[in-house]
Amino acid sequence: MYSSVPFASEPVTALQYSTTEGFYHFREQIAERMASCTCALLGPGLGRSEGLDRLLPELVSESKIPLVVDADGLNAFAGHIDLLREAA
C-alpha cells in the first residue's frame with residue numbers, strides 16, 4: 001500500500017493507491033496516513049479524474065500539515081482556486 005525509504009532524517013512515504021474504483025475509494029486511508037506525516041506532496045503522476053477532483057480539495061481543506069501541490073494536483077482545483085486560498 002505504501003513504502004518508506006530513508007531521506008534526510010525522516011522517512012518518505014509514497015502512497016500509491018490506484019484501482020478500477022479510483023483514488024477516492026482510498027480517501028480515508030490516505031487521510032489517516034497524511035495525519036501521521038509532518039508534510040505532504042500531492043500530485044506527482046496523478047493525471048486527471050473526477051475522483052481526484054473531489055479527493056484533493058477535501059484532503060487540502062482538512063489537512064493540518066504543510067502541503068506542496070504540484071501541477072497534476074493543481075488541476076483538481078480548476079475553477080475552485082478559493083479552496084487553496086482558504087487552506088493557505
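# Reading contacts, burial and salt bridges

Me: Which residues does F77 touch, leaving aside residues up to four places away in sequence?

Reply: In this predicted model, F77 touches L56, P57, V60, V69, L83 and L84, with residues up to four places away in sequence not counted. Three of these partners, L56, P57 and V60, can be followed into helix α2, where they are listed among the buried residues.

Me: Which residues have the most contacts inside the largest nonpolar core?

Reply: The largest nonpolar core has 14 residues, and those with the most contacts inside it are I30, M34, L56, L59 and F77. Several elements contribute to this core: α1, β3 and α2 each supply at least two of its residues. The largest share comes from α2, with 5 residues.

Me: Which residues of α2 are buried?

Reply: A residue counts as buried under 20% relative accessible area. In α2, the buried residues are G51, L52, L55, L56, P57, L59 and V60.

Me: Against which elements do the buried residues of α2 pack?

Reply: The buried residues of α2 pack against α1, β3 (40-42), β4 (67-69), α3 (71-75) and α4 (81-87).

Me: How should one test the length of α2, and what distance separates its end C-alpha atoms?

Reply: The expected span is 1.5 Å times one less than the number of residues. The 13 residues of α2 should therefore span 18 Å, and the end C-alpha atoms are 19 Å apart, which agrees.

Me: Let us turn to R27. Is R27 buried or exposed, and in which helix does R27 lie?

Reply: R27 lies in helix α1. With a relative accessibility of 9%, R27 counts as buried, because this value is under the 20% limit. Leaving out residues up to four places away in sequence, R27 touches L55, E58, L59 and E62.

Me: How many salt bridges are there, and how does one recognise them?

Reply: The criterion is a side-chain nitrogen of Lys or Arg within 4 Å of a carboxyl oxygen of Asp or Glu. By this rule the count comes to 3 salt bridges. One is formed between the side chains of R27 and E28, at 3.7 Å from N to O. E28 is partly exposed, with a relative accessible area of 49%.

Me: At what N to O distance do the side chains of E58 and R27 meet?

Reply: The side chains of E58 and R27 meet in a salt bridge at 2.7 Å, N to O. Since E58 lies in helix α2 (residues 50-62) and R27 in helix α1, the pair ties together parts that are 31 residues apart in sequence. E58 counts as partly exposed, at 25% relative accessibility.

Me: What can be said of the pair formed by E62 and R27?

Reply: The side chains of E62 and R27 form a salt bridge with an N to O distance of 2.5 Å. E62 lies in helix α2 and R27 in helix α1, so this pair ties together parts that are 35 residues apart in sequence. E62 is partly exposed, its relative accessible area being 42%. Through shared partners, the salt bridges join R27, E28, E58 and E62 into one network. The side chains of R27 and E62 are also joined by a polar contact of 2.5 Å.

Me: What does A31 add to the picture of helix α1?

Reply: A31 is found in helix α1 (residues 27-35). A31 counts as partly exposed, at 21% relative accessibility. A31 and V60 are 29 residues apart in sequence, and their C-alpha atoms are 9.8 Å apart in space.

Me: How many disulfides does the structure hold?

Reply: A disulfide is a covalent bond between the sulfur atoms of two cysteines. The structure holds 0 disulfides.

Me: Why is the sulfur of C37 without such a bond?

Reply: The closest cysteine sulfur to that of C37 belongs to C39, and at 7.5 Å this sulfur is too far for a bond. C39 is likewise in no disulfide, the sulfur of C37 being its nearest at 7.5 Å. As for accessibility, C37 is partly exposed at 23%, and C39 counts as partly exposed at 47%.

Note on methods: Residues are numbered from 1 along each chain as its sequence is written. This is a predicted model: local features need pLDDT of at least 70, side-chain atom pairs count only at pLDDT 80 or more; totals for chains, interfaces and linings use all residues. Side-chain values use heavy atoms; hydrogens and water are left out. Helices (H or I, at least four residues) and strands (E, at least two) are DSSP runs, numbered from the N terminus. Buried means under 20% relative accessible area, exposed over 50%, partly exposed in between (1.4 Å probe, protein chains only). A disulfide is a pair of cysteine sulfur atoms within 2.5 Å. A polar contact is a pair of N or O atoms within 3.5 Å; within protein, one must be able to donate a hydrogen and the other to accept it, and residues adjacent in sequence count only if both atoms are side-chain atoms. Contact means heavy atoms within 4.5 Å. A nonpolar core is a set of buried Ala, Val, Leu, Ile, Met, Phe, Trp, Tyr and Cys residues joined through side-chain atoms within 4.5 Å.
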